[in-house]
Structures are given as C-alpha cells and as structure tokens.
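Trainee: I'd like a close look at one part of this model, the hairpin and the charged pairs around it. Please take it slowly, then show me how the rest fits in.

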There are 2 protein chains.
Amino acid sequence: MKTIISPVKGTRDFYPEAMALRQWLYGELARVSRSFGYQEYEGPCLESLALYEAKSGEELVKEQAFCFADRGGDQIALRPELTPSLARMVAARQGQLPLPIRWWSFGPFWRYERPQKGRTREFFQWNVDLVGVESPEADAELAAVAATFLRNVGLMPSQVYLQVNNRRLVETELARLGVASEQRGMVFRLIDRRDKMRASEWDAYAAEQGLSASSIRGIALLLEDKELWKKSEELQSFFGAVKALGVEEYVEYDPTIVRGLDYYTGTVFEARDRDGEFRAVLGGGRYDNLVGDVGGDRLPGFGFAMGDVVIQLVLAKFGRLPTPRTASAQVLVTTFAASELNTSLDLARRLREVGILVEWYPKPDRLPKQLKYADQAGIRFAVICGPDEMARSSVSLKDLATREQIEMKVEDLAVEVRRRVLDPLMA
Amino acid sequence: MKTIISPVKGTRDFYPEAMALRQWLYGELARVSRSFGYQEYEGPCLESLALYEAKSGEELVKEQAFCFADRGGDQIALRPELTPSLARMVAARQGQLPLPIRWWSFGPFWRYERPQKGRTREFFQWNVDLVGVESPEADAELAAVAATFLRNVGLMPSQVYLQVNNRRLVETELARLGVASEQRGMVFRLIDRRDKMRASEWDAYAAEQGLSASSIRGIALLLEDKELWKKSEELQSFFGAVKALGVEEYVEYDPTIVRGLDYYTGTVFEARDRDGEFRAVLGGGRYDNLVGDVGGDRLPGFGFAMGDVVIQLVLAKFGRLPTPRTASAQVLVTTFAASELNTSLDLARRLREVGILVEWYPKPDRLPKQLKYADQAGIRFAVICGPDEMARSSVSLKDLATREQIEMKVEDLAVEVRRRVLDPLMA
C-alpha cells in the first residue's frame, strides 16, 4: 500500500465542515468587533525576528517561534502573536492615523509547542486593540468586547468569565514586600506559572530564583487576597465602567492573573472556564510602551487575543458549538445523457443568472442516484430534463423536501425556482 | 531619530482601507464560487517539503519556496501553492468524501521571488478545484467560474480574457515533429518562457536544450496556429460547453499557453489583459494524477488559482477597483466630562443592545473636535449628553449629514437611533 503524505504535526486541515465552523466563529468575532466600532486590519504572517526580540518575552521568541533565515539570509519569524506587528504598523504611520485606533483581526499564527488538546502549532487568533487612549474606561471597553462575545455565543458567566488584575498594583505590593525592581519581571513569570505547578514545587522554584522565604510567603498571601483591587483607583474605575457597559456578571478580580508577556504594564485579564478544565480562552492587557519599543513615539494601548482552538473546546463542552450548514448549492441540475450535457449546463446558467446557487451533476447517471446525491448534499431542489421533458421543450423541478415535482417551460424555470428559493412560504 | 523596525521585504501591511479591499475581493470570490456550488475549505500554511517535491515543478520548489527545518528537524515549506495540499486532503479521506469534490478557498501563500509590480513574496490566492470528474464540460465549468468572476467585477472581454490550450494536443503535435517523449516536459517549460524572451534569445535557448533546428522551426509554427484546437475533440467539446455556460466572449484558443507547473495533463488556461501589460491574472488546468502522486488512488481534477496582486492592478487600470466603505461605526457617543465617562458608556451599551455599531469617544474633549472626528471617520450620527441634557435626563442626537439635532429622553434613544440607522428614508 502506498503511504499518503502526512500533514505537518500541529497543523489542521479545514475540510468544508471545519471551515464552515471557522467562518461561523469569524462572523461572531466580526459582529462584536464592529458593534464597538473596531475596523478590520491585518499584518503580514512573516516578520523579522528583531520585532519580537524587543518585547514579546523570552519564552515566546527563543522557545516557541518558528524562525529561519530566508534565501537572502534575513532572520524571519512566522508570527507567534500580532501585537508587535500592530505596534510596527502604527509606528510607521504615526501622525497620519487618526487616534484612537480601534482595530481587530483574525488570522493564522504559529508556535512550536507540543501539540495537545487545545493546542496546535498553527492556530488562528482574534486580536482586538485600542491604541492611543490611557484610561481604566478604555481597559473596560476591551473587557466588554470580550465579555459580549462570550454572551453572544451563548456562554454564561457561570461557565466562562474574565479574571482581572493590574500589574501596577502588583508591583506596588511587591515593592512593599521588599522585592527589588529588577526581580519583578521574574516574579510576574513566577506568578504566571503558579497554576501549572504544585504548591510545594512552586515554593522550591521560587526559592531557586533567589527570593527570600518571607517574600515567597508574602507573595503567596498576595495571591489569595480577593479584595486587593480596592487599593487600586485604576481598578475601581475599571469595575465601574464594566458595570456601565453591562458586563459586570462576566468580570471578576483575581489576584493570581498577571499574564506571561513582558510588555504589559497595567490592567490585564484572561477568560477561563470556571471548572479550570482548559487553558485561558483569551487574554490581554495594557501596554504603554510598545509603539515606542519598535521605533515610534510612546503611544499607550490595550489589546487582547483569543485563539480558535480552546474556544471551540469550551463551546463544545457547554453544547454551544453550532453545526453550520455546509450545503453547496440550492439547486442541483441533473444530467440525463452524454449527448445532452450542454442542455443541462445551459439550464444551470439560466438559474445562476438570477442569483441561484447551482450545482451541476457533471455526468449522466441514473436519476435516483443523482437525487440521492442532492439529498445527501443538503440540496433541496433538483432540475430534471429527461427525454419526456426534452420532447415537450420543458423541464421538471423536483422539491426533495415535499417530493412534489412540477413541469414547466424552460423559459419559466429561472423565475419559478427563484420564487421558491427566495420565499420558502411560496413553495 | 529612532529607526522603526521594517516589515519583511515582499510582505504587505493591510491597514483598514487595504483590508476592506481584500474583503471586497473575498466577497466577490465567495459569491461566484458559491453560485457554481463550490464549498469553502482551507489547507495548512505549513506543509512538508516532500509534498511539493512530488509534482510542483523544480523552479517552484528549489528556487521559490520558503523552506526551513523546524525545531524538531523536519523539512517544512511555507506553501507556495494549494493544489498539492488539496490532493493530500482528498487522498486522506478517499472513499469517504462524496464525489465530485467542488472546493474553493482564499488564503496566504509565499514565494521567494524578486518583489516588483504585481509580485510580492507573501500574497493571497483564490483556488477553485473540481475533483473526480474527467470531461471537457468539467474543464469548461472552471473556465466559466473564472470568466463569471471577471464579468462580475466589471472587466470586459475586450480588456481581460482567458487563453486556452490543451497539453495532450500539444504533445501529439510534438510527437509529430519528432520531439522525443522525454523532452516534452522541457519543451513545455520552453513554450511557457516564450513571452519572457526575445525570439532570437528563445531560438538560441531552445537549441541549447538539444532541439534540432527543424524541431524548433516546427514548434515556432505550432505556436502561431490559431486553428490547432480543431484537431482536438476535447477542445471542441470544451468550447461547446463554454458557449452553453454563456461565457464564450471571454474564452479563446491560444496555442502558446501551456502553463508552468509539471502536473498538468490536459486542458490549461490563463487569463491576461489584452494589452499584455501584466502577468497572468489567473491560471490553471487539468491534473489527472495528483491525488495518486501524494499516495492516494488516481483521481482526476481541474483547478485554477488567482493571486490578489495582479487582479488589483488590472482592476485599477480599468477603473474597476472599488473604494470600500471603512467607516468604523454608525453612531459616535461623545464624552462630555471626566466625571461622566460611565454615562456615555451606558448610552453606548443601550445602542449596541439593539444592534447599532457604536464607537465611544474615549475621553472628554471639546464637542466640535468630537463631531469633526465623527465626520472624518464617516460616522453619520452623534449622541450628545452635555450638562443641559443631563439636567433634563435627556440626550441629543445629531445627524451630521443634515446638521439636524433633536433632544429626547434617554429611554427613547435606542429606538430612535435604530429607526434612523436601519431606515434612512425615515431620517
């Protein structure tokens, strides 16, 4: 037996059913993004490695990015995330782009991770960013975009919710605990890993990083303080705005959330299922220096991203994954004889010209087989032009839902089909 | 001055205007693909290099594909074309997928070519394939999909048209001229290069390849014989079907067309502007062994692809490139005072809840500046809630097109805006 060439590990083939689902997701993302006044944009899939070295964080660049030298010797990365491209694009047109910038996009990304449930090496990501505004209310708008999406697709706040924290607040508390400022990046990464380790492992790992026992104890207490947000005016305003935006049921304070990327500076959030079965559904935060880091002037922003893999698992878990229609056409034009192929092509053309989606059965076959094909493909109407019809210059239209079949003049076909397809009540 | 990090050479940034144009193109491709009963699908962007080594042709694999070893040492290629992925996907589900397969897609591809007008290293491509049918009428359906697209976007047959030939016909003629069968692949590549060289250069190049002077003369005559198609029953049926499909104005025989890819076996076509100013707009052909070549059973097919770059140049040349609307929202909710941010967020929420696209002006600013912003962004309506309105628990709605401003109760806002946005005749 021959071996079929395999796909690359961690990639996915989108057969029509999977593609219809991806496009359903795209439609939901587009709807909520537009309802908040965001414009669609897109960056390239290839970027110079230097773009990520500035700020994305060591793990992402050194361990996870697909990197290579191109034929000209330049160091290229397949984008592992979009925010640095956004920053580069904004920097390149700074002064020309009206502020604020509200942009969203949905496209492919790559990370070299071990493929497992909820994780592929090639994945799609929804990105939403608001650049040029620095306020808790702007932060809250992004939380509302995320929460409104969750609500729109039917996920309840009792199932999936946003956990929010603020890095400035955590930094202030760390300073109070005596953690030196140069250690804080390390502590953020440490906190970010807490739910990936057992408590004893985490303590040992923290000590290895050079933290004192009292600092570790202090940090552990900090991570349990659900009231910590009250010390932050920023978070108080944030939660007020979240309420005005009508999504307070979906948004909660959580002291353990800091996010993994290095460039966050203020409020951060992620969405998780309450059972904690999956990785974060989405996550993001405020970055204040990113446009500056890629060569522009300082311009603050807030953005979040959602991968397409975990959200589908979560939707499936809660029975909210739709089964989109994949029917290829509204009408199947059947084919009677090899000598009459052009007759059926002509009938198909007549229907397309009035806007009908028409599939042509591309070879002569027994009629029952052709009708069965239409049934299985979810095509409701079949056009039949056999010898009887030919003799009368007519054509038959069969409704596979009602099994009704009517004969008409060829000239009347397009109008008749259009009436039935566009207005099912008339059928 | 700091240097802004550059994009990778040959890639494009899709700012909202460019993205709206790409989505307009996507919409046109989707419309014509669906009207012929094709289903949307998509392959991965990464494939193993081995997939292309089977059949894509030496130039594409050895000179143009972006290839690299991943962190696990596997040889990966950024897909330079989609047909091999299609063949792999079909082979993997052979026996399960109902035939015929009519699939289309639009996604990113990469080729390391010298960037120039009409050519980028990262580009988007529309792919349309009909697999599982082997007939001139099937070939004609693909030509009709392509021609219908050209007609739909407003390109006349006097501007852009399809040139058609058939490799089996050319092979028969080459055999008649005494060209050995093992030389025919080379001769196809030679013919494909003819319009890229001067006649004398081409003659010299042909002689270098080991062709006799009489063969070269014979081939040159062949390439001028516009009546050659009459020797091919296949092409006679093809042109008959093209006529039944109503696109005969767009389709012409051209003996010089053979296409560059190695896997074509029968009818091939490409679309060009009649002035010959640009590269081919689209191209494709019949492949009979591709599914077998990647490990499946023999299954014939026909496909074509169109890049997004040349078609945009051609549309621009003929004044058919639209300027899609990029307005971010239907309503701008203005912001009066720092103390009242949540009031405006609440008004924005009320409008979104009835399906209005709402942008929130995210900080207090002089009202004329906010209204100017709405004007420039193409947002027609502005919601104003200043101190006068606040005192009366009301809100004002300004129509920036008519300059009319009306005041109403906050509770009436959503209904009033909805009526005006959805039915402009009522405004």
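Mentor: Let's fix one term before anything else: a residue is buried under 20% relative accessible area, exposed over 50%, and partly exposed in between, using a 1.4 Å probe and protein chains only. Keep in mind that this is a predicted model, where local features need pLDDT of at least 70 and side-chain atom pairs count only at pLDDT 80 or more, while totals for chains, interfaces and linings use all residues. Residues are numbered from 1 along each chain as its sequence is written, chains are lettered from A and ligands numbered from 1 in the order in which they are written, and side-chain values use heavy atoms, with hydrogens and water left out.

Now the hairpin. Strand β15 (residues 394-399) of chain B runs antiparallel to strand β16 (residues 405-409) of chain B, and 5 bridges join them. Helices (H or I, at least four residues) and strands (E, at least two) are DSSP runs, numbered from the N terminus, and two strands pair if DSSP finds at least two bridges between them. S394(B) sits opposite K409(B) in β16(B). There are 5 residues between the strands, and R403(B) has a positive phi near 65 degrees in this hairpin.

Next, the charges. A salt bridge here puts a side-chain nitrogen of Lys or Arg within 4 Å of a carboxyl oxygen of Asp or Glu. R392(B) and E407(B) make one, at 2.7 Å from N to O. That pair ties together distant parts of the chain, 15 residues apart: R392(B) lies in the loop between α15 (387-391) and β15 of chain B, and E407(B) in strand β16 of chain B. Both ends are partly exposed, R392(B) at 44% relative accessibility and E407(B) at 39%. Shared partners also turn salt bridges into a network elsewhere, joining D139(A), R168(A), E234(A), R286(A) and D288(A).

Compare another pair in chain B: R349(B) meets E353(B) in a salt bridge at 2.9 Å, N to O. R349(B) counts as buried because its relative accessible area is 16%, whereas E353(B) is exposed at 54%.

What about this region in chain A? V410(A) is in the loop between β16 (405-409) and α16 (413-422) of chain A, and at 17% relative accessible area V410(A) is buried. Beyond its neighbours within four places in sequence, V410(A) is in contact (heavy atoms within 4.5 Å) with L347(A), R350(A), S393(A), S394(A) and V395(A). M390(A) is 20 residues away from V410(A) in sequence and 9.6 Å away in space, C-alpha to C-alpha.

Finally, the two chains together. Each side of the contact supplies 92 residues, from chain A and from chain B. About 7,800 Å² is buried between them, 60% of it from carbon and sulfur atoms; that is the accessible area (1.4 Å probe) that two parts lose on being put together, summed over both. I5(A), Y15(A) and R71(A) supply 10% of the area that chain A buries against chain B, more than any other three residues. There are 4 salt bridges between the chains, including R102(A) with E359(B), whose closest N and O atoms are 3.2 Å apart. Helix α1 (residues 16-35) of chain A gives the largest share of the side of chain A that touches chain B, 7 residues.
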